[in-house]
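Work through these exercises with the sequence and the model side by side. Try each task before you read its solution.

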Amino acid sequence: MKKTRAYAPASIGNVSLGFDVLGAALQPADGSLLGDEVVVEDAAQFQLAVEGEFSTKLPPDPATNIVTHCYYYFVEELAKAGHKTRPVAMTLYKNLPIGSGLGSSASSIVAAFYGLNEHFDRPFDEDTLLLMMGELEGQISGSIHYDNVAPCYLGGMTLMTGQDSPVTVSLPLVENWYWVVCYSGISVSTSAARNILPASVEMKTALTFGRQLGVFVHALHAGNTKLAATVMQDVIAEPYRKSLLPRFDDARDFSMANGALAFGISGSGPTVFAVCDDQSQAQNIADWLSENYIQNEDGFSHVCRIPTQGACQQQVNDKV
Ligand SMILES: Nc1ncnc2c1ncn2[C@@H]1O[C@H](COP(=O)(O)OP(=O)(O)OP(=O)(O)O)[C@@H](O)[C@H]1O
Ligand SMILES: N[C@@H](CCO)C(=O)O
């Protein structure tokens with residue numbers, strides 16, 4: 001019987017300066033994995049089992065799990081495209097905390113779609129799958145945005161085009177940047193963190209946003225990493241969202257005073273990130289955040305790189 005295993009990494013949405021349009025995949029520098037895994041196998045009827053560290057934080061009914069929605073959406077699209085469908089049993093290893101700012105639902109969605117597409121011998125191309133992933137992410141957060149699903153699926157740092165094809169383009173990666181991420185342990189709902197944002201922005205904010213994004217993309221292509229780091233500020237969401245994040249200002253102050261080139265909220269929080277060009281400075285910041293930003297036993301810190309690979313067939317959990 002055919003069995004397919006898919007892994008999909010955590011990601012940073014927005015990367016401060018690209019609200020809803022910029023995202024980056026994450027890979028801990030120590031070689032450990034940070035992401036959800038989905039196993040797909042042929043079965044007499046559809047079923048979903050949920051395991052893993054954060055499985056108990058999800059509603060117990062598998063019908064409410066986004067992976068179940070992914071399966072039904074996938075087979076519906078498969079049938080529409082004239083392909084034969086068949087039932088599968090899926091197991092989700094929920095390794096990422098829910099409402100963490102690490103693209104937790106995106107990781108489940110990407111692992112599910114990637115695993116299903118591999119299991120059914122790749123009926124859908126990259127852009128079609130991405131559109132499906134965005135659709136499902138939109139069902140959870142209340143608006144379709146690709147800044148977690150795209151880097152999670154494709155790896156690297158991705159910029160959304162607003163087109164159906166290509167949905168996203170990849171930006172050059174900075175070889176010597178280390179990305180510290182610290183999850184505080186509390187949960188922040190993405191839709192709630194979107195609802196606190198104003199419906200419109202002032203002209204000067206729009207001009208700053210456009211300038212920063214333009215300069216950042218130019219600087220990465222030009223290899224001017226110092227210039228790129230100077231425009232990594234969030235003028236859209238952080239001024240409102242930081243009120244949801246205890247000790248955010250202390251964490252920023254420590255990080256910027258200790259070598260960080262940039263600091264911000266990962267996605268809709270509560271995870272924060274700091275960018276460093278020195279691994280020992282990154283580790284020092286990760287250690288401080290572990291001591292001072294984490295609120296409970298669910299929190300953690302990692303020093304990460306941005307991997308060029310996103311979702312892949314990989315065994316993460318030796319119980320699989
Ligand atoms: N497999 C799943 N993974 C994560 N959330 C799920 C999953 N299935 C259902 N959900 C539900 O979707 C909602 C996810 O909320 P939200 O978008 O705020 O979190 P998230 O995607 O985990 O956040 P983030 O992108 O900040 O990590 C929760 O209500 C959760 O119960
Ligand atoms: N761009 C989204 C990411 C959510 O993880 C937001 O900031 O609401």
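UniProt positions are given in the numbering used here, feature names are shortened, and annotations may be inferred rather than shown by experiment. This is a predicted model: local features need pLDDT of at least 70, side-chain atom pairs count only at pLDDT 80 or more, and totals for chains, interfaces and linings use all residues. Residues are numbered from 1 along each chain as its sequence is written, while chains are lettered from A and ligands numbered from 1 in the order in which they are written.

**Exercise 1. Place the UniProt annotations on the chain and describe each span.**

Step 1. Take the annotation "domain: GHMP kinase C-terminal" (unreviewed entry); UniProt sets it at residues 218-294. This span is 51% helix and 12% strand, and its end C-alpha atoms are 35 Å apart. Helices (H or I, at least four residues) and strands (E, at least two) are DSSP runs, numbered from the N terminus.

Step 2. Take "domain: GHMP kinase N-terminal" (unreviewed entry), which UniProt puts at residues 65-156. Here the chain is 58% helix and 7% strand, with 27 Å between the end C-alpha atoms.

**Exercise 2. Divide the chain into domains and describe their contact.**

Step 1. Find the bounds: domain 1 is 3-170 and domain 2 is 178-305. Such bounds come from an automatic or database domain assignment.

Step 2. Count the contacts. 24 residues of domain 1 touch 35 residues of domain 2; contact means C-beta atoms, placed from the backbone, within 7 Å.

Step 3. Sort the domain 1 side by class. That side, where it touches domain 2, has eleven nonpolar, 13 polar and no charged residues. Ala, Val, Leu, Ile, Met, Phe, Trp, Tyr, Cys and Pro count as nonpolar, Asp, Glu, Lys and Arg as charged, and the others, Gly among them, as polar.

**Exercise 3. Locate both ligands relative to the domains.**

Step 1. List the neighbours of ligand 1. There are 23 residues around it, and I66, S104, S105, S108 and T190 come nearest. A residue is near if its C-beta atom, placed from the backbone, lies within 6 Å. Helix α2 gives the largest share of this shell, four residues. By class, the shell around ligand 1 has nine nonpolar, 14 polar and no charged residues.

Step 2. Repeat for ligand 2. Its shell holds 14 residues, the closest being G13, D20, T190, G267 and S268. Helix α5 (residues 190-195) gives the most, three residues. The shell around ligand 2 has three nonpolar, eight polar and three charged residues.

Step 3. Conclude. Ligand 1 lies between the domains because both give residues to its shell. Ligand 2 also lies between them, because domain 1 and domain 2 both give residues to its shell.

**Exercise 4. Describe how α2 packs on α3.**

Step 1. Get the geometry. The axes of α2 (residues 104-119) and α3 (residues 126-141) come within 10 Å and cross at roughly 145 degrees. Axes are lines fitted to C-alpha atoms, for helices over the stretch in contact, and angles run from 0 to 180 degrees between N-to-C directions.

Step 2. Name the residues. In α2, S105, A106, I109, V110, F113 and N117 meet L129, M132, M133, L136, E137 and I140 of α3. This contact of α2 with α3 has nine nonpolar, two polar and one charged residues.

**Exercise 5. Find the unusual backbone geometry.**

Step 1. Recall the background. Most residues other than glycine have a negative phi, and most peptide bonds are trans.

Step 2. Check the prolines. A cis bond joins S165 and P166, with omega about -5 degrees. The bond from G269 to P270 is cis, with omega near 5 degrees.

Step 3. Check phi. S16, a residue other than glycine, has a positive phi near 70 degrees. S16 sits in the loop between β2 and β3 (22-25).

Notes:
Two residues are in contact if their C-beta atoms, placed from the backbone, lie within 7 Å.
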